[in-house]
Amino acid sequence: MSSAISSAVRAPGAWLAVAGFVAIGAAGLALPQWQFLVSVALSKGIVALGLALLLRTGLASFGQALFFAVGAYCVGLGMNYYGLTELFALLAISMVVSAALAFVLGFLLARYRDIFFAMLTLALSMICYGLLLNNVELGGSDGFNVNAPTLGSSAEPWQLAGTNLFAVGFIAAIVCVMVVALYMRSTPGRLGPVIKDNEIRVEYLGTSARTNIHLTYVIAGALAGLGGALQAFNIGHIDPDMAFWTTSGEFVFIAVLSGTRFAFSPFIGALLLEVARAMAYRYAPNTWQIVMGAIMLAIIAFLPGGLTSLGLGRRKSGAAHPVTQTAANTAAKTASASGDAA
């Protein structure tokens, strides 16, 4: 356990993540009126974190809203049909169901790349949207109301709302960043950028790119389910729009805005997006989409690596990327050992 923590501390951007979470936590506690906005940003940041892992492999998913909605509906169905209100049980169910669905769909999606992968994920999300919209047992177009979750199994469980609910999302975000940072430093995590650069070479070295993408998709699905569950608690209502393609587009926007270099990056993008939207609703409620579109164009044109590439400098073009080099060396050693054993 101590080695895992030490590895997380040495992970790229570890101190940036610490400073960022300290700032977010201080802002949430010092400014209660902003707790709801920050809580929403944290839940969306968790979803975008999984999407960032897919982007590291060169795949853009326009269907993360599928798992976002599944996680939220697990909470709604559990509360309204089964009377389940315990926080950890609902979060666990949302993550497990979303991960299981991603595992099943991954057998199909892991075979495709580029625009085919993006369009398939979008199609699956819209199928989910249609099912939720037209199924009265699932709430139809009105959806479900969601009550505040409880903590503990005593006769008088502790109901979580306001600052307590903000603390839940804050702790969940920290845990997700630590886990993803460790994954990014593991062999499967390091192989992501290598698959993006040269998938054929990865296959020749004896590592299955399809298996790696499948695993990454399952992790992204579980994170999206967790984000959807937290969002259901924050808003207090779920509806089919959570599976609509515009929701997936918002997650893509966050991932592109923040970049994929650090595990903490998606939370920067999510928080900036929510602040910009709140300001636009207040001062220009009818044109905020134009403003966000202009920001997206500027990011793509001038900061293709996202906001976290500011001030970090570029590596020399002749130097190999350490992540890519380490992953390639690991794969080569694995292939060599397999050949010796044979």
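**Reading helices, burial and a cavity**

Colleague: Aspartate 114 sits in helix α6. Before we look closer, how many helices and strands does the protein have?

Modeller: One caution to start: this is a predicted model, in which local features need pLDDT of at least 70, side-chain atom pairs count only at pLDDT 80 or more, and totals for chains, interfaces and linings use all residues. Residues are numbered from 1 along each chain as its sequence is written, and side-chain values use heavy atoms, leaving out hydrogens and water. Helices are DSSP runs of H or I with at least four residues, strands are runs of E with at least two, and both are numbered from the N terminus. Here that gives 14 helices and four strands.

Colleague: Back to aspartate 114, then. Is aspartate 114 buried or exposed, and what is its phi?

Modeller: Burial goes by relative accessible area: under 20% is buried, over 50% is exposed, and partly exposed is in between (1.4 Å probe, protein chains only). Aspartate 114 comes out exposed, at 56%. Its phi is near 55°, a positive value in a residue other than glycine. Across the protein, buried residues make up 47% of the 342.

Colleague: How do I read the packing of α6 against α4, and at what angle do their axes cross?

Modeller: Axes are lines fitted to C-alpha atoms, for helices over the stretch in contact, with angles from 0 to 180 degrees between N-to-C directions. For α4 (residues 64-82) and α6 (residues 114-134), the axes come within 8 Å and cross at roughly 35°. Contact means heavy atoms within 4.5 Å. On the α4 side you'll find Ala65, Leu66, Ala69 and Tyr73, which meet Leu124, Ser125, Cys128 and Leu132 of α6. That set divides into seven nonpolar, one polar and no charged; nonpolar takes in Ala, Val, Leu, Ile, Met, Phe, Trp, Tyr, Cys and Pro, charged means Asp, Glu, Lys and Arg, and the others, Gly among them, are polar.

Colleague: And leucine 122: which residues is it in contact with, leaving aside its neighbours within four places in sequence?

Modeller: Phe62, Gly63 and Trp245. Leucine 122 also belongs to α6 and is partly exposed, at 22% relative accessible area.

Colleague: What can a helix's length tell me? Take α10: how far apart are its end C-alpha atoms?

Modeller: The expected span is 1.5 Å times one less than the number of residues. Helix α10 (residues 209-235) has 27 residues and should span 39 Å; its end C-alpha atoms are 38 Å apart, which agrees. The helix is mostly covered, with 22 of its 27 residues buried. Glycine 236 follows α10, with a positive phi near 85°.

Colleague: How do I read internal space, and what is the volume of the largest cavity?

Modeller: Rolling a probe the size of a water molecule over the atoms shows where empty space is left. On a 1 Å grid over the protein atoms alone, a cavity is a set of points where a 1.4 Å probe fits but cannot get out, and lining residues have an atom within 4 Å of a point. Points are joined across faces, edges and corners, and the volume is the space filled by probe spheres set on them. There is one cavity of 30 Å³ or more, and the largest has about 40 Å³. Its lining includes Arg56, Tyr183, Gly189 and Asn212. Helix α8 gives the most, with three residues. By class, the lining has three nonpolar, five polar and one charged.

Conventions
On a 1 Å grid over the protein atoms alone, a cavity is a set of points where a 1.4 Å probe fits but cannot get out, and a pocket is an open set with protein on both sides within 12 Å along at least five of seven lines; lining residues have an atom within 4 Å of a point.
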